[in-house]
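Welcome, and please open your viewer. We will go through one protein step by step, with something to select at every stop.

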Amino acid sequence: MIDSPPSPTLERTGPFVPDGWRSLVEPLCELKEALDHAVRWPEHMPRHGRAAQVLATHGLTLQQAAALRTSHLPDRFARHLLGDWFAATGEPVGTWERSSLPPWCTLGWVRKDAYRLTPERPQARLRALVDELHADPEAMDAAAHGLAGIPLFWAGEGKNRCQLYRLAGRARVGRLSLYPAPDLSTWRLAPVMGARHVVALIAPDGRVQLLPFGRASRPLLLALGVTWRPWPVLRPWIESLQRGQPMPHVEAEYRLRASILAPAA
């Protein structure tokens, strides 16, 4: 946890994201990649590999992660992490054609077979692959979107490549558009009764959104100015009791998380 992480500032070539944010932001990107692999290639996942370790940190086995079917587009997954406020609304406050972002702060979507083995390759090979992409005149330029003052972005073009750039340690260069962000100082974050991994984000008007990866979401939201409220939200507990399914056990929380992450009909 960082006591007072520095705020990103708008620069002539795009936002500057200080390294002080990395410990809060990169785990969100790694979680997304682990879920992508578990959903897309469940039969190829090592039982004790890095993805399994990441998922276990968030209370999931490889089998549970695969069953969630939660390989979402990056912008949708970002809203599961930080809340529905984290979306491109209104007019952009700035657009840069050639902005350079650190490799650890952009959510992608790993789904093409060519990127399945990326985590197993040595970094020297990954950097060579990045150089090959830069030299390929037919490679599509990368694009990303974000909110002003928020050190997390989601990919447009180049979603599969986010994992490659992060593991290669190479900056992601491309078009970037930033949108207005709300003042989060009046938002609250609270535990959920009977749940270890789900937290509740409470908007200033009282609306409540359940976030299914609290261990990833809480540190960044608090660093962005959201206030922690220690008394829990009871709604999921009450709804579970009404269904005859007492909440405080692992399977009940897994069902709750699955319902949050379920694709829209």
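Leaving aside its neighbours within four places in sequence, which residues is Pro74 in contact with? Select Pro74 and look around: the contacts are Lys32, Leu107, Gly108, Trp109, Trp154, Ala155 and Lys159. Keep in mind on this tour that the model is predicted.

**Stop 1: around Pro74**

Colour helix H4, residues 74–82, and you will find Pro74 in it. Is Pro74 buried or exposed? Its relative accessible area is 1%, so Pro74 counts as buried, the cut-off being under 20%. Now add Leu107 to your selection. Pro74 and Leu107 are 33 residues apart in sequence, yet their C-alpha atoms are 5.6 Å apart in space.

**Stop 2: the five-stranded sheet**

Leu107 leads us to strand S4, residues 106–107. This strand belongs to an open sheet of five strands, in the order S3-S7-S5-S6-S4, with mixed pairing. Strand S3 (94–101) and strand S4 are the edge strands, each pairing on one side only. Next, select strand S6, residues 153–155: S4 and S6 run parallel and are joined by two bridges. Which residue in S6 is the bridge partner of Thr106? Show Thr106 together with Phe153, and you have the pair. Strand S6 also takes us back to the previous stop, since Trp154 and Ala155 are among the contacts of Pro74.

**Stop 3: the four-stranded sheet**

Move on to another open sheet, made of four strands in the order S10-S9-S8-S11, again with mixed pairing. Its edge strands are S10 (208–211) and S11 (227–228), and each of these pairs on one side only. Now select strand S8, residues 188–191, and strand S9, residues 199–202. How do S8 and S9 run, parallel or antiparallel? They run antiparallel, with four bridges joining them. To see two residues standing opposite each other, pick Pro191 and then Val199 in S9.

**Stop 4: the largest pocket**

Rolling a probe the size of a water molecule over the atoms shows where empty space is left. The largest pocket here has a volume of about 300 Å³. To find it, select His37, Met45, Arg50, Ala51 and Pro119, which are the closest to its centre of the 17 lining residues. Helix H1 (22–40), helix H2 (50–57) and helix H6 (161–168) each give two or more residues to the lining. Which of the elements has the largest share? Helix H1 does, with four residues. Colour the lining by class and you should see seven nonpolar, four polar and six charged residues.

**Stop 5: Gln64**

Select helix H3, residues 62–68, and pick out Gln64 within it. Gln64 has 15% relative accessibility, which means that it counts as buried, as the cut-off is under 20%. Beyond its neighbours within four places in sequence, Gln64 is in contact with Gly59, Glu251 and Tyr254.

**Last stop: the whole protein**

Zoom out and show the protein as a cartoon. There are nine helices and 11 strands to find. Of the 265 residues, 50% are buried, and Pro74 and Gln64 are two that you have already met. Switch to a surface view next: the accessible surface comes to about 12,900 Å², and 52% of it belongs to carbon and sulfur atoms. What share of the contacts with a separation of 6 or more comes from residues 24 or more positions apart? These residues account for 75% of such contacts. The pair of Pro74 and Leu107, 33 residues apart in sequence, is one to look at again.

Conventions:
Residues are numbered from 1 along each chain as its sequence is written. This is a predicted model: local features need pLDDT of at least 70, side-chain atom pairs count only at pLDDT 80 or more; totals for chains, interfaces and linings use all residues. Side-chain values use heavy atoms; hydrogens and water are left out. Two strands pair if DSSP finds at least two bridges between them. Buried means under 20% relative accessible area, exposed over 50%, partly exposed in between (1.4 Å probe, protein chains only). Contact means heavy atoms within 4.5 Å. Accessible areas come from the Shrake-Rupley method with a 1.4 Å probe; for residues, only the protein chains shown count as cover. On a 1 Å grid over the protein atoms alone, a cavity is a set of points where a 1.4 Å probe fits but cannot get out, and a pocket is an open set with protein on both sides within 12 Å along at least five of seven lines; lining residues have an atom within 4 Å of a point. Grid points are joined across faces, edges and corners, and a volume is the space filled by probe spheres set on the points. Ala, Val, Leu, Ile, Met, Phe, Trp, Tyr, Cys and Pro count as nonpolar, Asp, Glu, Lys and Arg as charged, and the others, Gly among them, as polar.
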